[in-house]
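Trainee: I am new to this structure. Can we go through it with short questions and answers?

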Amino acid sequence: MLTRSVAVLTLAAVLVAADVVSNSTSQLDASFEDGSSLREAFRNSFAMIIVTELGDKTFFIAALLAMRHDRLSVFFGAAGALAAMTALSACIGLVLPSVLPRKYTHWAAVALFVYFGAKLLFEAVQMLRTGTGTGPSDELEEVEQELKDGSAKEKNSRAVAMQALTLTFLAEWGDRSQISTIALAAAKDPLGVTLGGIIGHSCCTSLAVIGGRVLASRISERAVVTAGGVLFLIFAAHGAITGSAE
């Protein structure tokens, strides 16, 4: 899995180096000229991150690490990893319309949002039928166990930040929020998606670090899953109604 991740990262870096260097200036200029497009992308990205990251594995990692180590170090490590992942995902989304016509990437993004929305709502219905999901996600216990297994309690701030950065980056890779960020950046303004995603991640990480274990234990998994499913379907409906820009 790690080898596959490295290969994908390398491919993304090559695509970004080949395409973004020649086109980034014009893309950024166009983004600033069309302020409404940038603001819409910012709002969509921010809302998506808030509903998908609250109660997610990366949220629990920051919350539990903050209970045992310096909060500021945990915040900088976790937020730094999520900012880097958001920028990388947006870059991949920026390159996709150059490789494929924007019409195809737009409808692929709509299909992806429909899939995630339907999947999350199906999970919410299953939880309702079985009476589960009223408490925190099972990922909370999973993260607690992982931290216990690797519990070499570093006191050095730099070591703590690096631990938070590494754990968060690996947990976020391949997560639905990363895939959704790629899809959103392919369909909307990449700069707005990046800014909204980074600020959204920073807000969630701040809540995790400040609230810690208490906040994590009070989040209803069913409510988070339902909110995420509804939001993804709203994105899909909006994309289907507005259509591709080309």
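Trainee: Which residue does Lys-188 meet in a salt bridge?

Mentor: Keep in mind that this is a predicted model. The contact is made by side chains, with N to O at 3.1 Å. A salt bridge needs the nitrogen within 4 Å of the carboxyl oxygen, so this pair qualifies. The partner of Lys-188 is Glu-40.

Trainee: How many residues apart in sequence are the parts that this pair ties together?

Mentor: Lys-188 sits in the loop between helix 8 and helix 9. Glu-40 belongs to helix 2. The pair therefore links parts of the chain whose separation in sequence, in residues, is 148.

Trainee: Is Glu-40 buried or partly exposed?

Mentor: Its relative accessible area is 24%. Buried means under 20%, and exposed means over 50%. The value for Glu-40 falls in between, so Glu-40 is partly exposed.

Trainee: How many salt bridges does a search of the whole structure find?

Mentor: One joins Lys-188 and Glu-40. Another joins Glu-123 and Lys-119, with the closest N and O atoms 2.9 Å apart. The search of the whole structure gives a total of 2.

Trainee: Which helix holds both Glu-123 and Lys-119?

Mentor: The two residues are 4 apart, about one turn of the helix. Glu-123 is partly exposed at 27% relative accessible area. Lys-119 is partly exposed too, at 37%. Both lie in helix 5.

Trainee: Which helix gives the most to the largest nonpolar core?

Mentor: That core has 20 residues. Helix 2, helix 5, helix 8 and helix 10 each supply at least two of them. The top contribution is 7 residues, and it comes from helix 5.

Trainee: Which residues does Phe-232 contact, leaving aside neighbours within four places in sequence?

Mentor: Phe-232 is among the core members that touch the most other members, as are Met-48 and Phe-113. Its contacts beyond those neighbours also include Arg-176 and Ser-180. The full list is Met-48, Thr-52, Phe-113, Phe-116, Gly-117, Leu-120, Arg-176 and Ser-180.

Trainee: How many residues are in the second, separate core?

Mentor: Phe-59, Leu-65, Ala-66 and Ala-78 are included in it. This core is separate from the largest one. Its residue count is 14.

Trainee: Which residues does Thr-194 touch, not counting those up to four places away in sequence?

Mentor: Thr-194 is in helix 9. Its relative accessible area is 15%, so Thr-194 is buried. With close sequence neighbours left out, Thr-194 touches Thr-86, Ala-87 and Ala-90.

Methods: Residues are numbered from 1 along each chain as its sequence is written. This is a predicted model: local features need pLDDT of at least 70, side-chain atom pairs count only at pLDDT 80 or more; totals for chains, interfaces and linings use all residues. Side-chain values use heavy atoms; hydrogens and water are left out. A nonpolar core is a set of buried Ala, Val, Leu, Ile, Met, Phe, Trp, Tyr and Cys residues joined through side-chain atoms within 4.5 Å. Buried means under 20% relative accessible area, exposed over 50%, partly exposed in between (1.4 Å probe, protein chains only). Contact means heavy atoms within 4.5 Å.
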